[in-house]
Amino acid sequence: MRFIKKYLIFIISVIILGITFIFNSEIGITAVDTIGFSFKEMFTVLPPIFILIGLLDVWVPSDTMVRFMGEDSGIVGILISIFLGSAAAGPLYGAFPVAAVFMRKGVKLTNIFIFIGAWSTTKLPMLLFEMTSLGTKFALTRLAVNIPGILLISYIVNKMLSEDEVKEMYKNLEDS
């Protein structure tokens, strides 16, 4: 029963894919091709991220992470979170293993949310692309809107989480 509960979404997805094949095999084949492409992309992106995570885990002591990004880090923690998220490469799903290491190292939860927000919206390559394609004014305006939005959302989400929910997040991290 625990197996079914753990993989329920995957099981439902496979069932839906099977039903799709029954009713329209062309769409089913397209779906499988898309899944294959996504897995191929994921397996080319995740290994370098896991190597960097391993290096971060070994090379950066927890007390250093707490000092610069922990509960009392203030503006320094926010700036480091934005910088790390903006300098990151790869799709958003690459941010979550990094966030898990941050959680283990004692990084403030708000700073983790800021890091994920920055990873998803303020990447430097995207900013450079926007500057050349859409103009500097557009790119800097978007950045000027996104950063306060990331900060606001991070603080709101952090305040909305109860102490029990935060404890459960950390428990789930340890169980995985």
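1. A good place to start is helix α9, residues 136–160 (helices here are DSSP runs of H or I, at least four residues, numbered from the N terminus). Its 25 residues should span 36 Å at 1.5 Å a residue (taken as 1.5 Å times one less than the number of residues), and because the end C-alpha atoms are 36 Å apart, the two values agree.

2. A word on the source: this is a predicted model, in which local features need pLDDT of at least 70, side-chain atom pairs count only at pLDDT 80 or more, and totals for chains, interfaces and linings use all residues. Residues are numbered from 1 along each chain as its sequence is written, and side-chain values use heavy atoms, leaving out hydrogens and water.

3. Back in α9, the buried residues (under 20% relative accessible area, with a 1.4 Å probe and protein chains only) include Ala139, Arg142, Leu143, Asn146, Ile150 and Ser154. The helices they pack against are α7 (109–121) and α8 (124–133).

4. Next, the largest nonpolar core (buried Ala, Val, Leu, Ile, Met, Phe, Trp, Tyr and Cys residues joined through side-chain atoms within 4.5 Å). Among its 22 residues, Val98, Phe102, Ile112, Phe115 and Trp119 touch the most other members. Helices α3 (25–59), α4 (62–69), α6 (95–105) and α7 each supply at least two residues, and α6 gives the most, with 7 residues.

5. Leaving aside residues up to four places away in sequence, Ile112 is in contact (heavy atoms within 4.5 Å) with Ala99, Phe102, Met103 and Val107.

6. For the whole picture, the protein chain has 10 helices and 0 strands. Of its 176 residues, 29% count as buried.

Key. Buried < 20%, exposed > 50% of the residue type's maximum accessible area, 1.4 Å probe, protein only.
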